[in-house]
Each structure stands twice: as C-alpha cells, then as structure tokens.
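Colleague: Please take a close look at one part of this model for me: a pair of packed helices. Add a word on the sheet afterwards.

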Amino acid sequence: MAEPTYTRRGVFAYGDLVQLTDAKGKLYTITLVEGKSFHTHRGAIDHDSIVGLHQGSVLMGSGGTAFLALKPLLDDFVLSMPRGAAVIYPKDSARIVGLAGLGPGSRVAEAGVGSGALTCSLLRAVGPTGHVTSYERREEFAAVASKNVDRWFGMIPEHWTLTLGDLADALDERQLDAVILDMLAPWE
C-alpha cells in the first residue's frame, strides 16, 4: 500500500492531496475535487487548474500571490489534519516507530487512535504485509481518525482494522510485535 497516489510520475490528478505554499511559507493542504476552488485571503485557485501540473509547479492565485504545489509530506499532513483529539506529532511518531522496532510485516495493536496521526505513521511503517489494529473508545475520535487515514492514503488501507471499544476488553490478537498505548490511563 503506497502513500497518496500521483498519476504519471508526479502529475496531480483529482483526489490527490496537494500542499500549497505561499511566499511567506504558510502551508495549505487540499484534496483536489473537480469544479472546486481553494480560497484564502491571498486569492483563489481553481482545483481544475492544478490537475495535470507537475509537482513543484508554481501557480498564481487570483490575488496575484504565487503558490508552490507539492505532494505533502506525512509530517505536514499531520500538522494540518482535522483533529478530534490531540495528535502525536511527527518527531514523536518517528521515535515510537523506531523504539518499537517496527518495519514491513510488523503486527501492531494501538490503543487510543485519536485523530489518526500515529496510525498513519504505523501503517506506513508496517506496510501492506503488516497489520495495525486500532482500538478507540470514543466514536467521534474513531470517525475523525478514519477520515484522516482515508484522506492520507486515498482509501482505508486493507492492513488496518479500527475497532470501537476498549483495548483492555476487546484485544484478541496474538503474535503482536508491539502494543502502543496512547490513552489516559495506560496502566489499566
């Protein structure tokens, strides 16, 4: 399972995530939708005008401001993603993945999916040959996380299972490589 797909070697298409950066370095992450426009106080950009451009293209907003169009890094996406709960920031996600020794084929249980930031890092680390099972007690957090994972990968990855419930009650996986506890009372 790859990260967001970009057809024809870095050419933007509908459904792709695009990071627009203005001259002052402000980042905006959008998903390209036919007929839509991105609006900022610096002007508007039609999504249709981005489709077909190569990554690294510079385009002008209606207000005369130049924007650089790139595929966002996961780190940038995490910082701009909609949140239902606090996120685990990229530097901490990298440390968690590293300390847990996760890589392709790893099997992980995650308690407390929050907004899905760590989930995206775990899914990327284990790849399509691994599996991440996430447990979330709060339905509203599970919904936000699911939307963020779907937005980053362009679909819900087959190697991810999201379970609404408490890991302490619902965990039935065996042969796990790691259990990640991002919850209020992990000692329970």
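**The helix pair and the sheet**

Modeller: This is a predicted model. Start with helix α4, residues 117–126, and helix α5, residues 139–153. Their axes come within 9 Å and cross at roughly 45°. Two packed helices are described by just these two things, the angle between their axes and the distance between the axes. The angle makes α4 oblique to α5, because values under 35 degrees count as roughly parallel and values from 65 to 115 as roughly perpendicular. The crossing of α4 past α5 is right-handed.

Which residues make the contact? On α4 they are T119, C120, L123 and R124. On α5 they are N148, V149, W152 and F153. Sort the residues in this contact by class, and you get 5 nonpolar, 2 polar and 1 charged.

Now the sheet. It is open and has 4 strands. Their order is β2-β1-β6-β5, and the pairing is antiparallel. Strands β2 (27–31) and β5 (57–60) form the edges, and each pairs on one side only. Neighbouring strands in this sheet are turned by 30° against each other on average, with direction ignored.

Look inside the sheet at β1, residues 17–22, and β6, residues 66–70. These two strands run antiparallel, and 4 bridges join them. Take one residue as an example: Q19 has L70 of β6 as its bridge partner. Strands of a sheet pair through backbone hydrogen bonds.

Note on methods. Residues numbered from 1 in each chain as written. Predicted model: local features only at pLDDT ≥ 70, side-chain atom pairs only at ≥ 80, totals over all residues. Heavy atoms only, no water. Axes fitted to C-alpha atoms, helices over the stretch in contact; angles between N-to-C directions. Parallel < 35°, antiparallel > 145°, perpendicular 65-115°, else oblique. Left-handed = near helix turned anticlockwise from the far one by under 90°. Contact = heavy atoms within 4.5 Å. Nonpolar A, V, L, I, M, F, W, Y, C, P; charged D, E, K, R; others polar. Pairing = 2+ DSSP bridges.
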